[in-house]
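Me: Please take me through this model, one feature after another. I would like the general idea before the case at hand.

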Amino acid sequence: MLRTCELIDQYQPHLLWFDWWIMNLAFKPYLKKMAAYYYNRAQAWGTQVAINYKFDAFPVQAAVFDVERGQLAGIRSLFWQTDTAVQKNSWGYTENQEYKTAVDLIGDLADIVSKNGALLLNIGPRPDGTIPEPEQAILREIGHWLQINGEAIYGTRPWRVFGEGPTQVTEGSFTDTRRAAYQAGDIRFTEKDRNLYAILLACPADGLAVIHHLGRESLPASLRQNGEITSVVLLDGGRPLSFNQQTDCLTVRLPSDYRSPYPAALKVVFGSLV
């Protein structure tokens, strides 16, 4: 506790992240004192801060729940986080690394954000502090995608449902390498500023995206009158797309020259927020 309070005072961290071992019952009184100290200091700094915890180390409304190398199956009303790594087989620098792909990590990011979560992504620097080149490449790919599609991620909130599609995301820790690759039809939703974002985790081979939750009859009755879609835009290039809102689905035609292995983010504009 004294060490952590010293870190708080000297570095004013925005985030304290704890591993599973703090759930030991002997630590409970000290966790409460430390959290009170940290939150009171942050109030004095005028800074918003957070504590991350695993399992039941903290009361659910006192800190941010963290899932190690895994995800949740649905939307959690309270904000949560997953911590995972670009490596499948390590948290640090080792030889013979087995890496995840940027495409898979971007898909997981969209899935997590659609469920009211955040992604804490780990890399493993060499002993001299340099980042291995394959990890630099993964980070640059993710960064490039966010430069184009970050509007569908940053500052967004979950929609009524997190998404749809055939791929099942297993809930719980250490499931990050068990999931099958996302397929066409796997879609995640976010919303911001009266706009809805539909992120296609895998682009359909025929260029026609089918979104079942956006059909006229799929929307709740209270929203149907004001739920007319006025436009659908591909964030990559800001191109307006042709669409057709049918009874049971919304179909969207991607540009004929659009070919990308990465998720495609669509901005769906309604007559009113749905």
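Me: How much area does the protein chain expose, and what share do carbon and sulfur atoms supply?

Reply: Accessible areas come from the Shrake-Rupley method with a 1.4 Å probe, and for residues only the protein chains shown count as cover. Here the protein chain exposes about 14100 Å², with 54% supplied by carbon and sulfur atoms. This is a predicted model, in which local features need pLDDT of at least 70, side-chain atom pairs count only at pLDDT 80 or more, and totals for chains, interfaces and linings use all residues. Side-chain values use heavy atoms, with hydrogens and water left out, and residues are numbered from 1 along each chain as its sequence is written.

Me: What percentage of the residues is buried?

Reply: Buried means under 20% relative accessible area (1.4 Å probe, protein chains only). In the protein chain, 45% of the 274 residues are buried.

Me: Which residues touch the most other members of the largest nonpolar core?

Reply: In soluble globular proteins, nonpolar side chains tend to be buried together. A nonpolar core is a set of buried Ala, Val, Leu, Ile, Met, Phe, Trp, Tyr and Cys residues joined through side-chain atoms within 4.5 Å. The largest has 22 residues, and Phe 189, Ile 211, Leu 214 and Leu 266 touch the most other members. Strands (DSSP runs of E, at least two residues, numbered from the N terminus) that give two or more residues to this core include E7 (187-192) and E14 (264-270). E14 gives the most, with four residues. Apart from this core lies another, of 21 residues, among them Ile 22 and Trp 80.

Me: Which residues are in contact with Leu 266, leaving aside neighbours within four places in sequence?

Reply: Contact means heavy atoms within 4.5 Å. The partners of Leu 266 include Leu 196, Ile 211, Val 232 and Val 252.

Terms used: Buried means under 20% relative accessible area, exposed over 50%, partly exposed in between (1.4 Å probe, protein chains only).
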